[in-house]
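Visitor: I am new to protein structures, and I would like to learn how the labels are earned. Could you walk me through one?

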Amino acid sequence: MKQMRKIIKIDEELCDGCGLCVPDCAEGSLRIINGKAKLMGDKLCDGLGACLGSCPTGALTIEEREADHFDEEAVEEFLSAEKKGGCPSAAVHSFAPKQGQQASKPEDHSAMQKAMKEGVSFAGDDSESLLSHWPIQLRLTPPSAPFLKGADLLVAADCTAVAAGNFQQKYLAGKAVVMSCPKFDDQNLQVEKFTQIFSEAKLRSITILLMEVPCCSSMNRLIKTALERSGAEIPVEQVIISLQGKELSREKWRKEAVLPVVNMG
């Protein structure tokens with residue numbers, strides 16, 4: 001039965017598919033499908049707008065229109081089904097190590113890095129991925145995810161995976177990874193998520209992979225701010241690659257060279 005009532009409206013042109021609205025919807029009625037937020041059914045939305053504040057682009061608003069009435073029983077059935085199947089975009093997965101990717105011990109990690117410098121490939125063929133977990137987007141990664149515990153973490157600016165032809169073999173192998181864009185993703189949210197990860201995960205090391213473009217350099221300040229807030233002492237190495245994927249520099253951070261912490265507000 002339809003009625004005039006308030007309900008969520010999604011502007012797909014503004015939606016960037018970040019997924020931040022999904023956990024704020026108590027009814028579970030929002031999902032990321034094909035890179036856009038979608039309402040899974042009018043009867044699953046109570047129209048109260050708890051998700052509005054989490055949208056960084058303003059894509060979510062409340063409108064009044066004719067819609068199915070809000071059905072609490074349908075919500076319970078929907079959430080029960082979701083618990084059995086899970087949300088594919090944000091559900092945590094750990095994959096079995098691929099050939100040559102068993103780098104959970106420090107000595108294994110060192111051996112892998114030595115092999116990488118010598119040009120040894122760890123992929124068995126072109127279709128074999130070295131990704132060991134899901135999700136990989138920073139905004140979707142729970143700080144308590146098991147794949148982060150004691151990991152060597154690769155923080156990769158989004159564009160690096162496309163620019164570097166050997167991204168997986170040279171930079172990803174043996175590491176957990178989170179990806180984000182220091183320019184277009186919300187910087188406050190990035191700092192908050194990094195702070196939580198650094199506080200909880202007891203990381204072994206951090207490698208920051210950046211493009212040579214100026215806007216990428218702000219990732220350094222985001223991570224340094226998060227390290228300062230978390231109080232964690234983690235070895236950090238920064239790698240910069242060119243627009244065509246050539247490694248331009250590799251430098252370990254020194255405490256005396258740390259940039260001033262940015263006030264993110």
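**How the labels are earned**

Guide: Let's start with Asp185, which is buried, with a relative accessible area of 13%. Please keep in mind that this is a predicted model.

Visitor: What makes Asp185 count as buried?

Guide: Buried means under 20% relative accessible area. Asp185 has 13%, so the label fits.

Visitor: Where does Asp185 lie, and which residues is Asp185 in contact with, leaving aside its neighbours within four places in sequence?

Guide: Asp185 lies in the loop between strand 8 and helix 5. Leaving aside neighbours within four places in sequence, its contacts are Gln137, Arg139, Ser180 and Gln190.

Visitor: Why is the pair of Arg139 and Asp185 called a salt bridge?

Guide: The rule asks for a side-chain nitrogen of Lys or Arg within 4 Å of a carboxyl oxygen of Asp or Glu. Here the closest N and O atoms are 2.9 Å apart, so Arg139 and Asp185 form a salt bridge. This pair links distant parts of the chain, 46 residues apart: Arg139 is in the loop between strand 6 and strand 7, and Asp185 is in the loop between strand 8 and helix 5.

Visitor: How do you know that the side chains of Asp185 and Arg139 also make a polar contact?

Guide: The distance for that contact is 2.9 Å. The cut-off is 3.5 Å, so the pair is within it.

Visitor: Is Arg139 buried, exposed or partly exposed?

Guide: Partly exposed, at 24% relative accessibility. Partly exposed is what we call the range between under 20% and over 50%, so 24% belongs there.

**Other salt bridges**

Visitor: How many salt bridges does a search of the whole structure find?

Guide: The search finds nine salt bridges. One of them joins Asp68 and Lys2, with the closest N and O atoms 3.3 Å apart. That pair also links distant parts of the chain, with Asp68 in strand 4 and Lys2 in strand 1, 66 residues apart.

Visitor: What makes Asp68 and Lys2 partly exposed?

Guide: Asp68 has a relative accessible area of 26%, and Lys2 has 48%. Over 50% would be exposed and under 20% would be buried, so both residues are partly exposed.

Visitor: How do you know that Arg65 and Glu63 form a salt bridge?

Guide: Their closest N and O atoms are 2.9 Å apart, and the limit is 4 Å, so the pair qualifies. Arg65, at 24% relative accessibility, counts as partly exposed, and so does Glu63, at 25%.

Visitor: Which residues are linked in a network of salt bridges?

Guide: Lys170, Glu237, Glu247 and Arg250 are.

**Cysteines without a bond**

Visitor: Why does the count of disulfides come to zero?

Guide: A disulfide needs two cysteine sulfur atoms within 2.5 Å. Take Cys21: the closest cysteine sulfur, in Cys18, is 6.2 Å away, which is too far for a bond. For Cys51, the closest cysteine sulfur is in Cys25, 6.1 Å away, again too far. Both Cys21, at 6%, and Cys51, at 7% relative accessibility, are buried.

**Rings and a charge**

Visitor: Why is the pair of Phe194 and Phe198 called stacked?

Guide: Two cut-offs matter here: ring centres within 6.5 Å make a pair, and planes under 30 degrees apart make it stacked. The centres of Phe194 and Phe198 are 5.7 Å apart and the planes are at 20 degrees, so the pair is stacked. The count comes to one aromatic pair. Both residues lie in helix 5, four residues apart, about one turn of the helix. Phe194 is buried at 0% relative accessibility, and Phe198 is buried at 2%.

Visitor: What makes Lys224 a charge over the face of Trp253?

Guide: Lys224 is 4.1 Å from the ring centre. The distance limit is 6 Å, so that part of the rule is met.

**A serine beside helix 5**

Visitor: How do you know that Ser230 is in contact with residues from elsewhere in the chain?

Guide: Neighbours within four places in sequence are left aside, and the contacts of Ser230 are then Thr195, Phe198 and Ser199. Ser230 is found in helix 6. The C-alpha atoms of Ser230 and Phe198 are separated by 6.2 Å, though the two are 32 residues apart along the chain.

Terms used: Residues numbered from 1 in each chain as written. Predicted model: local features only at pLDDT ≥ 70, side-chain atom pairs only at ≥ 80, totals over all residues. Heavy atoms only, no water. Helix = DSSP H or I, 4+ residues; strand = E, 2+ residues; numbered from the N terminus. Buried < 20%, exposed > 50% of the residue type's maximum accessible area, 1.4 Å probe, protein only. Polar contact = N/O pair within 3.5 Å; in protein donor to acceptor, adjacent residues only side chain to side chain. Contact = heavy atoms within 4.5 Å. Phe/Tyr/Trp six-rings, centres within 6.5 Å; stacked < 30°, edge-to-face > 60°. Lys NZ or Arg CZ within 6 Å of the ring centre and 35° of its normal.
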